[in-house]
Amino acid sequence: MDPSKSRDSAESTRVIQFPNDVLERILSLIDSHRDRNAVSLVSKAWYNAERWTRRHVFIGNCYAVSPQIVARRFPNIRSVMLKGKPRFSDFNLVPPNWGADVHGWLAVFADQYPQLEELRLKRMTVTDESLKFLARKFHNFRVLSLLSCDGFSTDGLEAIATDCRHLTELDIQENGIDDISGNWLSCFPENFTSLEVLNFASLSSDVNFDALERLVSQCKSLKILKVNKSITLEQLQRLLVRAPQLTELGTGSFLQELTAHQYEELERAFIGCKYLDALSGLWEATTLYLPVLYPACTNLTFLNLSYAALQSEELAKLVAHCPRLQRLWVLDTVEDVGLEAVASSCPLLEELRVFPADPYDQDINRGVTESGFLAVSLGCRKLHYVLYFCRQMTNAAVARIVQNCPGFTHFRLCIMKPGQPDYLTNEPMDEGFGAVVKTCTNLRRLGVSGLLTDLTFEYIGRYAKNLETLSVAFAGGSDLGMKSILVGCPKLRKLEIRDCPFGNEALLSGLEKYESMRSLWMSACKVTLHGCKTLATQRPRLNVEVMKDEEIDDGQSYKVYVYRTVAGPRTDAPSFVQTLCS
Amino acid sequence: MEGSKSNGYGECDQANLKATELRLGLPGTEEEPPLKVESPSFNSRKRALADDAESVLQDGRKSTSGVPPPSKAPIVGWPPVRSYRKNIYSSPAEVAEGGAGAGYLKVSMDGAPYLRKVDLKTYKSYQELMESLENMFNITIGDCSDKGSDYAPTYEDKDGDWMLVGDVPWNMFTSTCKRLRIMRGGSRS
């Protein structure tokens, strides 16, 4: 700490005065940003000690604050996490070029945080120019993680690989990028040794295998390696023998014609992976090759099979070898039978995500049903996080599920056909979700679906006292529904709504609420420009952004995005985004 | 005063016309307008329904009036599956078939005018497959490695290479075989 920088010395005599050095030493041990936020509110002395010792800043909405404000308050930041677009942009509800461009932030950081080491971005726009700028300006840069971002190409990655001499982590996930070539991997310098995390699973271009092999051999601290589909089983074997210390592995394609000898070698390679606790990739995995994984599964806590269309028997055999599994992601090709096997083999399971293999085919009747979910709830009593895509559900099943597992913190149920009732009773799914909020007192995140009346929202408002995130689509009957939520859920931070009959009265019922929330999204609802303008007028510290909804022809429908901010209206809004002024 | 079945109205007009039209029939009932397939008009149709077609359930609760009418039209962003996942499912049939060991495959034989099809799943071994092919083409292949036979069964694998049938274990063969070709006499070398 540089003692010559000015500090606020007007301290209350009631507060025990630690010498600043001691206070800062203590506070530098606190990592959680929520704890730090709390610390900063104690007194001016603590506020200052906290701001000087903060190394990592988390910004949940890049427009809630400006980079200048951040830099002014926190002089010593080394690590930044930034989130940009509203979550519904993942589902194409936000037009391209909406914003959340990281470049403005990088420009300020280059000036104020030249020692920046880590940058984690989610749903931001990142151009190749930004990546090149990053690589050039930050000489101590170590960690780059890009999740659900867009705007860049593999050319930008070349700059990172070439110039970031101390890079320890390169994590590229699920981005909308221009995958021009795999040449970027060959851009790491010859003597490069620092990589600990490398994830390029979602890129499709072939990489130079020799370069990858050399990289893996040289980086002795490599712990997490997730390759892409172009890497074959034979190549995987060669990588594994060079990196037996891996704790997380994402394989490439899991289908290749191997000789008996090659098969044995692959088996041995997996036997050598004694430290694996997470496994993913497994494209095209079949009965034939899954057995090579078995020896490596003993200590597995996370298994991501969401790219492998396994049948129920294949899954059953695999999870029989995974007794310590805590998190499982699968495709619904495993069906209820597969989930039953999970229920009996994985008693420690805490998280289950079942993705639809055929989400857009409305005619098929395959996949998972309420009985698979029920089976898992019976066998896995520690279950607290579920994301479940299905084509049928009943209130009774949901009620029993939460009775078996009352500890749910995240309950995201997606009955894929909008507005579908309980398929046995033909009733709305009100009582099912009612049971969820009544029973699961620790519920923080809820995703509802199916035919729902205002009663569901009445229940949520009345019982979901710890709810922070709510996602609603094709549901509700009147403004009363949304009002119940806004009036009832004290900890609500993120509310996203689409295709519901909630209008201006509902929108304005949240006047007292929105400043304590991160954001509100409403699209294809019944709010009008007038309602939004009223909101903007009454709450100048909110940004009320509207976009004409191109999907709806009546010319009066808007997508509304409301969020609190200390940075004022944004200066980079494209022409199709209108910030309503007070 | 044409009702909802008229085709002459633009989308924007339809909602207004509905509000002012004189009809016979009980208030609160609404004829389903003809459904269109394209998304934009689908949604505006949905909007029109939302205004008028609110039904009241037995105990007085209002049912959702935001629900789109049953239709095959795709809804933007629904189900909420992220874009990158959509690309994975571009050919789910292929993935499933490859995994299960292939469905019907084409079989050609040098000199034969027609191709045939076999379903590898119906065989449990090379022997069964060979017997079936012999019957189909009325030839003798014998043992796959039989040097005496005029015919050599070959197959195209996943990588596009032509391989001699019989080298790899049966299960591996069925999962990588894309098509079969029975080569004849001098064409082998």
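Which elements of chain A cover the buried residues of α16(A)? Keep that in mind while you set up the view. This is a predicted model, in which local features need pLDDT of at least 70, side-chain atom pairs count only at pLDDT 80 or more, and totals for chains, interfaces and linings use all residues. Residues are numbered from 1 along each chain as its sequence is written, chains are lettered from A and ligands numbered from 1 in the order in which they are written, and side-chain values use heavy atoms, with hydrogens and water left out.

**Stop 1: helix α16**

Select residues 454-463 of chain A. Helices here are DSSP runs of H or I with at least four residues, strands are E runs of at least two, and both are numbered from the N terminus. Seven of the ten residues of α16 are buried, so the helix is largely enclosed by the rest of the structure. Buried means under 20% relative accessible area, exposed means over 50%, and partly exposed is in between (1.4 Å probe, protein chains only). Colour A:D454, A:L455, A:T456, A:F457, A:Y459, A:I460 and A:G461 to see the buried ones. Now for the opening question: the cover includes α15 (430-439), β17 (445-447), β18 (469-473) and α17 (479-488) of chain A.

**Stop 2: the nonpolar cores**

Keep A:I460 on screen, since it is also one of the residues that touch the most other members of the largest nonpolar core, which has 207 residues. A nonpolar core is a set of buried Ala, Val, Leu, Ile, Met, Phe, Trp, Tyr and Cys residues joined through side-chain atoms within 4.5 Å. Add A:L198, A:L212, A:F408, A:F411, A:L446 and B:F173, which share that distinction. This core takes at least three residues from each of domain 2 (392-502) and domain 3 (521-582) of chain A; the bounds come from an automatic or database domain assignment. Another core, of 15 residues, lies apart from it, with A:A278, A:A309, A:F389 and A:A473 among them.

Hop over to B:F173. Leaving aside neighbours within four places in sequence, B:F173 is in contact (heavy atoms within 4.5 Å) with B:L120, B:Y126, B:L129, B:Y155, B:V165, B:V168 and B:L180.

**Stop 3: B:L164**

Go to strand β4 (residues 162-164) of chain B, where you'll find B:L164. B:L164 is partly exposed, at 41% relative accessible area. Beyond four places in sequence, B:L164 has contacts with B:A152, B:P153, B:T154 and B:Y155.

**Stop 4: cavities**

The whole structure has seven cavities of 30 Å³ or more. A cavity is a set of points, on a 1 Å grid over the protein atoms alone, where a 1.4 Å probe fits but cannot get out; lining residues have an atom within 4 Å of a point. Grid points are joined across faces, edges and corners, and a volume is the space filled by probe spheres set on the points.

The largest cavity holds about 100 Å³. Twelve residues line it, and A:L93, A:R498, A:D499, A:A524 and A:E551 are the closest to its centre. For the second largest, of about 60 Å³, select lining residues including A:F188, A:P189, A:R214 and A:Q218.

**Stop 5: backbone oddities**

Zoom in on B:W78 and B:P79, joined by a cis peptide bond with omega about -10°. B:P79 sits in the loop between α2 (39-52) and α3 (83-88) of chain B. Next, A:R123 is a residue other than glycine with a positive phi, near 55°, and it counts as buried at 10% relative accessibility. Finish at A:E335, also not a glycine, whose phi is positive at about 60°. A:E335 is found in helix α12 (residues 335-345) of chain A and is partly exposed, at 32%.

Notes: On a 1 Å grid over the protein atoms alone, a cavity is a set of points where a 1.4 Å probe fits but cannot get out, and a pocket is an open set with protein on both sides within 12 Å along at least five of seven lines; lining residues have an atom within 4 Å of a point.
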